[in-house]
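Trainee: I am new to this structure and would like a close look at one part of its surface. Please begin there, and then connect that part to the rest of the chain at an unhurried pace.

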Amino acid sequence: MKRLGIAFSGPSNSGKTTLILKVAKRFLESNLKVAIIKHDPSDKAKFDVEGKDSYKFSSLGVDVVVTSPTRTTYFNKSQKNLNDIVKMIDNFDILIVEGLKTLPLPRISIFRDSIEESYLKFSNAIATNNLKYSGELKHFDVNDDLNISKWILENAKKL
């Protein structure tokens with residue numbers, strides 16, 4: 001088990017999720033176990049449906065675990081830090097985090113229309129859709145998931 005962590009950041013609709021899916025698929029094809037953490041800064045994501053038992057339990061403010069033959073879902077009403085989440089997930093080779101730009105993980109920032117300077121100070125590499133960049137960070141084409149995957153394996157943080 002490698003237990004490596006990497007993060008992706010970028011403006012909304014820059015292609016983060018698309019690139020993460022491609023990279024994760026590559027790792028899975030190499031028989032690496034992948035875990036993904038998605039940050040929801042505006043607290044808009046919906047994971048349960050009103051009226052269902054799990055929703056009723058969760059609305060009480062308690063932790064709820066829903067288990068079935070194909071998955072286990074954990075609902076928790078508190079924010080967890082990276083160490084807490086890593087302990088919960090535990091068994092992975094590559095942990096990919098989307099967002100959470102303050103986490104101490106190597107980070108690739110994704111840009112589609114323009115490079116937003118505010119992301120560069122916490123980035124170790126960038127991936128763009130044919131944008132000009134003359135800075136010092138490693139610069140990938142956003143569609144080059146093969147070389148991005150290789151860079152991740154060489155630069156991800158051991159967790």
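Mentor: Let us begin with Phe 57, Leu 60 and Val 62, which together make up a nonpolar patch on the surface with about 310 Å² of accessible area. Please keep in mind throughout that this is a predicted model. Within the patch, Val 62 sits in the loop that runs between helix H2 (53-59) and strand S3 (64-67). The relative accessible area of Val 62 is 39%, and because a residue has to pass 50% before it counts as exposed, Val 62 is described as partly exposed.

To place this patch in its setting, it helps to step back to the whole protein chain, whose secondary structure comes to five helices and nine strands. Followed along the sequence, these elements give the pattern β-α-β-α-β-β-α-β-β-α-β-β-α-β. The C-alpha trace spans about 55 × 35 × 25 Å along its principal axes, and of the 159 residues 38% count as buried.

A useful contrast to the surface patch is helix H1, which covers residues 16-29 and therefore has 14 residues, reaching 20 Å from its first C-alpha to its last, close to the 20 Å expected for a helix at 1.5 Å a residue. Along H1, the residues Lys 16, Leu 19, Ile 20, Val 23, Ala 24 and Phe 27 are buried. Why do they fall on the same side of H1? They cover an arc of only 130° around the axis, and this puts them on one side of the helix. The general reason is that an α-helix has 3.6 residues a turn, so residues three or four places apart point the same way. On the face of H1 turned away from this buried side we find the exposed residues Leu 21, Lys 25 and Glu 29.

Helix H1 also takes part in contacts with other parts of the chain. Thr 17, for example, has a side chain that makes a polar contact of 3.2 Å with the side chain of Glu 98. Glu 98 belongs to strand S5 (residues 94-98), and with a relative accessibility of 7% it falls under the 20% cut-off, so Glu 98 counts as buried.

A search of the whole structure finds two salt bridges. In one of them, the side chains of Asp 145 and Arg 26 meet at 2.6 Å, taken from N to O. This pair links distant parts of the chain, for Asp 145 is in helix H5 (residues 145-155) and Arg 26 is in helix H1, 119 residues apart. Asp 145 is buried, at 12% relative accessible area, whereas Arg 26 counts as partly exposed, at 29%.

In the other salt bridge, the side chains of Asp 90 and Arg 3 meet at 3.5 Å, again from N to O. Here too the pair links distant parts of the chain: Asp 90 is in the loop between helix H3 (82-89) and S5, and Arg 3 is in the segment before strand S1 (4-9), 87 residues apart. With a relative accessible area of 42%, Asp 90 is partly exposed, while Arg 3, at 18%, is buried.

The backbone of Asp 90 deserves a second look, since its phi is near 60°, a positive value in a residue other than glycine. Phi of Asn 13 is likewise near 60°, and Asn 13 is not a glycine either. Asn 13 is found in the loop between S1 and H1, where it counts as exposed, at 68% relative accessibility.

One more loop completes this walk. Gln 79 lies in the loop between strand S4 (72-75) and H3, and its relative accessibility of 74% is over the 50% cut-off, so Gln 79 counts as exposed. Along the chain Gln 79 and Ser 30 are 49 residues apart, and a separation of 32 Å lies between their C-alpha atoms.

Methods: Residues are numbered from 1 along each chain as its sequence is written. This is a predicted model: local features need pLDDT of at least 70, side-chain atom pairs count only at pLDDT 80 or more; totals for chains, interfaces and linings use all residues. Side-chain values use heavy atoms; hydrogens and water are left out. Patches are made of residues with over 30% relative accessible area and no salt bridge: like charges are joined within 9 Å, nonpolar side chains (Val, Leu, Ile, Met, Phe, Trp, Tyr) within 5 Å. Accessible areas come from the Shrake-Rupley method with a 1.4 Å probe; for residues, only the protein chains shown count as cover. A salt bridge is a side-chain nitrogen of Lys or Arg within 4 Å of a carboxyl oxygen of Asp or Glu. Helices (H or I, at least four residues) and strands (E, at least two) are DSSP runs, numbered from the N terminus. Buried means under 20% relative accessible area, exposed over 50%, partly exposed in between (1.4 Å probe, protein chains only). A polar contact is a pair of N or O atoms within 3.5 Å; within protein, one must be able to donate a hydrogen and the other to accept it, and residues adjacent in sequence count only if both atoms are side-chain atoms. The arc is that of the directions from the helix axis to the C-beta atoms.
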